[in-house]
Amino acid sequence: MSFSTILAGLATGMVLGLFGSGGSIIALPALIYLLHVDPKSAIAMSLGVVAVTATISALEHWRRGNVDLRVSLVFGLFGVMGTFAGARLGIITPVVVQLGLFALVMYAAAWRMLKPAQIPLAAPATDGGLLVGADGTAVLACQHFSDPCMRHIALHGIGVGVLTGLVGVGGGFLIVPALVLLSRVPMKLAVGTSLAIVAAKSYAGFAGYMGSVPVDWAVMGGFTAVTVVGSFIGIHFSTRFSQALLKKAFAWFLVVVATYILFKSVLGV
């Protein structure tokens, strides 16, 4: 395994540990352009890499009390169904379409990271399971399985799940804001909960591709091992760096990589 590949694996894990998302966005291009894996196999393998790494990171966050098991169960259950369906769809989707969508997802993730944060942290609950937002308006709080916002989380889980299976992204950059907005989970808790959901969906996506695309287990195993090490580094430093600065730097990195994918693999330049 080359030095650049090791760096990519470490970066994949560190991003997952720091933000609870973004691992596949590094893992997939690394597998395709550094390890020269066939794109469809790379999509499947990136899901496998992120599944294992996110599981280990989520367990560490759970040990620290940073995982909402109730929300993880609802989002994860519906996300798994959507991801498996998306993976089966991905098998018959042309590679150029998958990589094009992947690049667009990267642009969307970068835009969200560069956009000024407007999501308030958790507020005290009021009667009826409502919360008061920063603007004084009432919003739903997901405190029980019967709460209305759980339906929104379930639908969001299906949508993000289909995207996960189709293009090989864990969807954490969509899950984290959804958790904070819909269930009013504090940011640190949302990161840990997102990792648990990403892990479940990535396993489902990987299972959806199994038997239909070849998997290089040696390459995937080596890349996963390096990524796991990176995830622990990311978790360790998650409270030591400015999240705003890290997000901006990562967002511009996504723009560069997405542009490269569009020109090289989609436009054939």
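So, which residues of the largest nonpolar core touch the most other members? Keep in mind that this is a predicted model. The core has 40 residues, and the ones with the most contacts to other members are Phe102, Met106, Tyr209, Phe223, Leu254 and Ile261. As for who contributes, at least two core residues come from each of helix 1 (3-19), helix 2 (23-34), helix 3 (39-63), helix 5 (95-114), helix 6 (149-167), helix 8 (187-209), helix 9 (217-237) and helix 10 (243-266). There's also a second core, separate from that one, with 20 residues, including Val50, Ala58, Val176 and Ala199.

Let's stay with Tyr209 for a moment. Setting aside neighbours within four places in sequence, Tyr209 is in contact with Ile43, Ala44 and Leu47, then Ala87, Gly90 and Ile91, and also Gln98, Gly165 and Leu166.

Okay, on to helix 2. Helix 2 has twelve residues, and from first C-alpha to last it covers 16 Å, close to the 16 Å you'd expect at 1.5 Å a residue. Is helix 2 mostly covered or mostly open? Mostly covered: eleven of its twelve residues are buried. If you want to click through them, the buried ones are Gly23, Ser24, Ile25, Ile26, Ala27, Leu28, Pro29, Ala30, Leu31, Ile32 and Tyr33. Then, just after helix 2, have a look at His36, which has a positive phi of about 55 degrees.

Now, who packs against helix 2? One partner is Thr12, up in helix 1. Thr12 counts as buried because its relative accessibility is 0%. Leaving out residues up to four places away in sequence, Thr12 touches Gly23, Ile26 and Ala27, plus Phe223 and Thr227.

Another one to look at is Val167, in helix 6. Val167 has a relative accessible area of 0%, so it's buried too. Its contacts, again ignoring neighbours within four places, are Leu28, Ile43, Gln98, Leu101, Phe102 and Val105. And if you're after a long-range pair, take Val167 and Ser24: they're 143 residues apart along the chain, yet their C-alpha atoms are separated by 9.6 Å.

Last stop, the surface. Val96, Val97, Leu101 and Leu104 make up a nonpolar patch there, with about 300 Å² of accessible area together. Val97 sits in helix 5. Why is Val97 partly exposed? Because its relative accessibility is 38%, and the partly exposed class runs between 20% and 50%. And remember Leu101: it's a member of this patch, and it's also among the contacts of Val167.

Key:
Residues numbered from 1 in each chain as written. Predicted model: local features only at pLDDT ≥ 70, side-chain atom pairs only at ≥ 80, totals over all residues. Heavy atoms only, no water. Core = buried A, V, L, I, M, F, W, Y, C linked by side-chain atoms within 4.5 Å. Buried < 20%, exposed > 50% of the residue type's maximum accessible area, 1.4 Å probe, protein only. Helix = DSSP H or I, 4+ residues; strand = E, 2+ residues; numbered from the N terminus. Contact = heavy atoms within 4.5 Å. Patch = residues over 30% accessible without salt bridge, like charges linked within 9 Å, V, L, I, M, F, W, Y side chains within 5 Å. Areas by Shrake-Rupley, 256 points an atom, 1.4 Å probe, with all protein chains shown as cover. Salt bridge = Lys/Arg side-chain N within 4 Å of Asp/Glu carboxyl O. Expected span 1.5 Å × (residues − 1).
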